[in-house]
Amino acid sequence: VQRTLFPLFSRYFEDPKIALAVLRLLLVLTLPPHPRSFDKASQNAALHSIRAAFLCRDVLRAFVATVEPVIRCRLAAGEEAASLSSSSSQRGGLRPRQVRYFEMMLTLLTNLLKVPNDNFGSAVASNRSVWNALIQQFEEASVFELLLVTISTNCQRLAYLQEHPEAEEPEDGDEPAGARETTEIVQRWNLIVLEVMVLLFRSEAIEELACPAPQPHSQQQQQPAVSSGTAV
């Protein structure tokens, strides 16, 4: 993956056919093992190696950056729909290729988060370190901003489709519904984003999230001196 697919993608990411082919192949390679798989251990090991490849600096950022035109298109369509009353401004939404690509990218992020942390060949601390490194790469690649903008633009698109139900109907020569930004597609994207959010917190203890962050040791040492000075 790191020696072939990543260089191929980074060099030809502007070619839609090659970008879609690489992304489709990565989706297959990152699929979770079947529950009844007889060789789940080796499949999990392969998933760990693929996930480790995405931990290399700027790899995930390069993939996420390719959906920026899609996000800009959705934001512009939302602004146009808010300023215009014509139903033609956002009728088609994204182009069919953009719809497929965007959903595949969201699914790839989900697959990376689904990779189990319990690598039997590593210590618990090592598994936790890999998970933290993955979350750090998500942050550096602006994945969290991508999710927030996706939720926002999904709400705008659903509101538009409710006001203009005729946009759900395909025109002559249109792609099938699965390749258009219909209500079903947008709702499915919402479910994918929700799954990503759940997976992000799956390894976190609820008790730890509810507890306030501890104060640094230096602040704890300075606290008595401040109190005594105030009393005087």
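**Exercise 1. The fold in outline**

What pattern does the chain follow, read along the sequence?

*Solution.* The model is a predicted one. Step 1: count the elements. There are 11 helices and zero strands. Step 2: read them in order. The pattern is α-α-α-α-α-α-α-α-α-α-α. Step 3: look at the contacts with a separation of 6 or more. Residues 24 or more positions apart account for 75% of them.

**Exercise 2. Surface and interior**

State what share of the chain is buried, and what supplies its exposed area.

*Solution.* Step 1: take the residues. The chain has 232 of them, and 35% count as buried. Step 2: take the surface. About 13,800 Å² is exposed. Carbon and sulfur atoms supply 58% of that area.

**Exercise 3. The largest nonpolar core**

Find the residues with the most contacts inside the largest nonpolar core, and the helix that gives the most to it.

*Solution.* Step 1: size the core. It has 44 residues. Step 2: pick out those with the most contacts inside it. They are F54, L60 and F63. Step 3: find the main contributor. Helix α6, residues 96–114, gives the most to this core, with 10 residues. Step 4: follow L60, leaving out residues up to four places away in sequence. L60 touches F54, L109, L112, Q137, F138, A141 and V143. Step 5: set this against the general trend. In soluble globular proteins, nonpolar side chains tend to be buried together.

**Exercise 4. The two sides of α2**

Work out which residues of α2 are buried and why they line one face of the helix.

*Solution.* Step 1: check the geometry. Helix α2 covers residues 16–29, 14 residues in total. From first C-alpha to last, α2 reaches 20 Å, close to the 20 Å expected at 1.5 Å a residue. Step 2: list the buried residues. They are A19, L20, V22, L23, L26 and L27. Step 3: look down the axis. The buried residues of α2 fall within an arc of 165°, so they line one face. Step 4: recall the helical repeat. An α-helix has 3.6 residues a turn, so residues three or four places apart point the same way. Step 5: turn to the other side of α2. There, K17 and V28 are exposed. Step 6: name the partners. The buried residues of α2 pack against α1 (5–12), α3 (40–54), α4 (59–65) and α6.

**Exercise 5. The start of α2**

Which side-chain oxygen reaches the backbone nitrogen of K17?

*Solution.* A side-chain oxygen of D15 does, to within 3.0 Å, at the start of α2.

**Exercise 6. A threonine in α6**

Is T110 buried or exposed?

*Solution.* Step 1: place the residue. T110 lies in helix α6. Step 2: apply the cut-off. Buried means under 20% relative accessible area. T110 has 4%, so T110 is buried. Step 3: list the contacts, not counting residues up to four places away in sequence. T110 touches I192, E195, V196 and L199.

Terms used
Residues numbered from 1 in each chain as written. Predicted model: local features only at pLDDT ≥ 70, side-chain atom pairs only at ≥ 80, totals over all residues. Heavy atoms only, no water. Core = buried A, V, L, I, M, F, W, Y, C linked by side-chain atoms within 4.5 Å. Buried < 20%, exposed > 50% of the residue type's maximum accessible area, 1.4 Å probe, protein only. Helix = DSSP H or I, 4+ residues; strand = E, 2+ residues; numbered from the N terminus. Contact = heavy atoms within 4.5 Å. Areas by Shrake-Rupley, 256 points an atom, 1.4 Å probe, with all protein chains shown as cover. Expected span 1.5 Å × (residues − 1). Arc of directions from axis to C-beta. Polar contact = N/O pair within 3.5 Å; in protein donor to acceptor, adjacent residues only side chain to side chain.
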